[in-house]
Every structure is written in structure tokens, then in C-alpha cells.
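Ready for some practice in reading a protein structure? Take a look at the sequence and the model, then work through the exercises below at your own pace.

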Amino acid sequence: MIHHFLYHLLRDASLVRFNLRSAKDLRLSLKAQFEDLTLQTADEDDFSHCMELLQNCGIYAVPWLQKVFKRRMNQLCSVAKDTKGRIVACDFYMFEPSEQQEDLIHGIYLAVAAEYRDRGLGSALRRFSLDCYDQGKLHGVSTLVPFGDVKALRCAQHCGFAITKSSAKPPAYYLFKDLNYKK
């Protein structure tokens, strides 16, 4: 039992360090409009509001990722804000050690407040995030979509992702999108 706990503690600490190190000077800080919403790079002050939105959407952000996001919101998260400045959607990214050699970033969480769903906001925010990362530092973006989640699959495909393989754990499609990579 203690061995298992220590293994996860050390692994989580390693993943935090890896992601913090990898998430430096990756993206452009942009702003765009979608209907009456402002799409923008997140900042430190947006962290708690994004975590609350994830929770309201039934998404659980694992604790080690929360530590990373809290310190690198401007590199790993995009948000959509309404005219009152309230966050109504957020799009999170991280680094997978298994994709390190390929210079990939991994889309992990996309949450849209219930009253803004089915309007194309998720696709618009994801495209916005891709534009922020598409400056030559990364080869591409990967993401997983559970087999039964047709809306998430359509959203990713509308943004240019293509299914490249299947994942056994978790059971999902593995999708990939090329970026304008410059060595």
C-alpha cells in the first residue's frame, strides 16, 4: 500500500515538473471575437473560475494537473468570456511524456457552460487555441475522444483533427492535428 502511494506521489511530482518545464513561451497571447464572446489566453486570475466550470460540466481535473494549470494558465488554457467577463468556456492542454520526442501538446479538457452549448463555441475556442499554438514551436496537437462521444469527435474534426488510431486505455479515438512546425 505504501509502495503504491509513493509510486504515484513520485510520478505525479515528475509529471508536474515535466509539464511546467515544457510549458514555457509556447503560445501567442491573442484575442478574438465569437458572437458576443471574447476568446483569449487565460491568466492566473482565471484558474478558480475555470476549475469551477470544469466541475459544473462534470469534468474532474486531476490534482497534479491543477498544480500545473495554476502556474501556467497563460500557456495551457484559452477561455471564452461573456460581456460581463464571466468565463463560459475553457480549453486546457498539457504535455504527455510519451509524446515528448514528437513535440506535441495534448488537448485534455474542453468545457462549455450549459447555456452556450450547441452554438459552435467549443469548436471556435479550440480553433482559437490552435491558432495560439501554431507559431512553429510544436509539431502538432493530439487529443483523445471517447468512442461514444459524437459531439466531441465532431468538434475535433471541425477543427482539423483526424483519427489516427484507437486507444485501449481509456477506450477512445486518438486524434492528431498538424501545426506549422519549424525546427
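Here are six exercises on this predicted model, each with a worked solution.

**Exercise 1. The largest pocket**

Find out how much space the largest pocket holds, and which residues and elements line the pocket.

Solution.
- Step 1: Start with the volume. The largest pocket contains about 1400 Å³ of space.
- Step 2: Look at the lining, which is made of 47 residues; L110, R126, L144, D149 and A152 are the closest to the pocket's centre.
- Step 3: Move from residues to elements. Two or more lining residues come from each of α1, α3 (63-76), β5 (104-112), α4 (121-133), β6 (140-146), α5 (150-158) and β8 (172-178). The element that gives the most is β5, with 7 residues.
- Step 4: Sort the lining by chemistry. There are 25 nonpolar, 9 polar and 13 charged residues.

**Exercise 2. A nonpolar patch on the surface**

Which residues make the nonpolar surface patch, and is I2 buried or exposed?

Solution.
- Step 1: Identify the members. I2, L6 and L9 together form a nonpolar surface patch of about 300 Å².
- Step 2: Place I2 in the fold. I2 belongs to helix α1, which covers residues 2-22.
- Step 3: Apply the cut-off. A residue is exposed when its relative accessible area is over 50%. I2 has 64% relative accessibility, so I2 counts as exposed.

**Exercise 3. Salt bridges that join distant parts of the chain**

How many salt bridges are there, and which parts of the chain do the pairs of R119, R126 and K151 link?

Solution.
- Step 1: Recall the rule. A side-chain nitrogen of Lys or Arg must be within 4 Å of a carboxyl oxygen of Asp or Glu. The count by this rule is 6 salt bridges.
- Step 2: Take R119 and its partner E35, whose closest N and O atoms are 2.4 Å apart. R119 sits in the loop between β5 and α4, while E35 sits in the loop between β1 (31-34) and β2 (37-41), and 84 residues separate them. R119 counts as partly exposed because its relative accessibility is 34%.
- Step 3: Go on to R126, which pairs with D91 at 3.8 Å between the closest N and O atoms. Since R126 is in helix α4 and D91 is in strand β4 (residues 87-94), this salt bridge ties together parts that are 35 residues apart in sequence. Both R126 and D91 are buried.
- Step 4: Finish with K151 and D118, where the closest N and O atoms are 2.8 Å apart. K151 is in helix α5 and D118 is in the loop between β5 and α4, 33 residues away. Both K151 and D118 are exposed.

**Exercise 4. A salt-bridge network**

Which residues are linked with D82 in a network of salt bridges?

Solution.
- Step 1: Follow the links from D82. The network joins D82 with R86 and E115.

**Exercise 5. Positive phi angles**

What are the phi angles of E35 and D118, and where do these residues lie?

Solution.
- Step 1: Check E35. E35 is not a glycine, yet its phi is positive, at about 55°. E35 lies in the loop between β1 and β2.
- Step 2: Check D118. D118 is not a glycine either, and its phi is positive at about 65°. D118 lies in the loop between β5 and α4.
- Step 3: Add the surface view of D118. With a relative accessible area of 66%, D118 is exposed.

**Exercise 6. Sequence distance and spatial distance**

How far apart are C155 and P171, and how far apart are E96 and S123, in sequence and in space?

Solution.
- Step 1: Locate C155, which is in helix α5. C155 is buried, because buried means under 20% and its relative accessible area is 11%.
- Step 2: Compare C155 with P171. They are 16 residues apart in sequence and 18 Å apart in space, C-alpha to C-alpha.
- Step 3: Locate E96, which is in the loop between β4 and β5. Its 27% relative accessibility makes E96 partly exposed.
- Step 4: Compare E96 with S123. The pair is 27 residues apart in sequence and 23 Å apart in space, C-alpha to C-alpha.

Technical notes. Residues are numbered from 1 along each chain as its sequence is written. This is a predicted model: local features need pLDDT of at least 70, side-chain atom pairs count only at pLDDT 80 or more; totals for chains, interfaces and linings use all residues. Side-chain values use heavy atoms; hydrogens and water are left out. Patches are made of residues with over 30% relative accessible area and no salt bridge: like charges are joined within 9 Å, nonpolar side chains (Val, Leu, Ile, Met, Phe, Trp, Tyr) within 5 Å. Accessible areas come from the Shrake-Rupley method with a 1.4 Å probe; for residues, only the protein chains shown count as cover. Helices (H or I, at least four residues) and strands (E, at least two) are DSSP runs, numbered from the N terminus. Buried means under 20% relative accessible area, exposed over 50%, partly exposed in between (1.4 Å probe, protein chains only). On a 1 Å grid over the protein atoms alone, a cavity is a set of points where a 1.4 Å probe fits but cannot get out, and a pocket is an open set with protein on both sides within 12 Å along at least five of seven lines; lining residues have an atom within 4 Å of a point. Grid points are joined across faces, edges and corners, and a volume is the space filled by probe spheres set on the points. Ala, Val, Leu, Ile, Met, Phe, Trp, Tyr, Cys and Pro count as nonpolar, Asp, Glu, Lys and Arg as charged, and the others, Gly among them, as polar.
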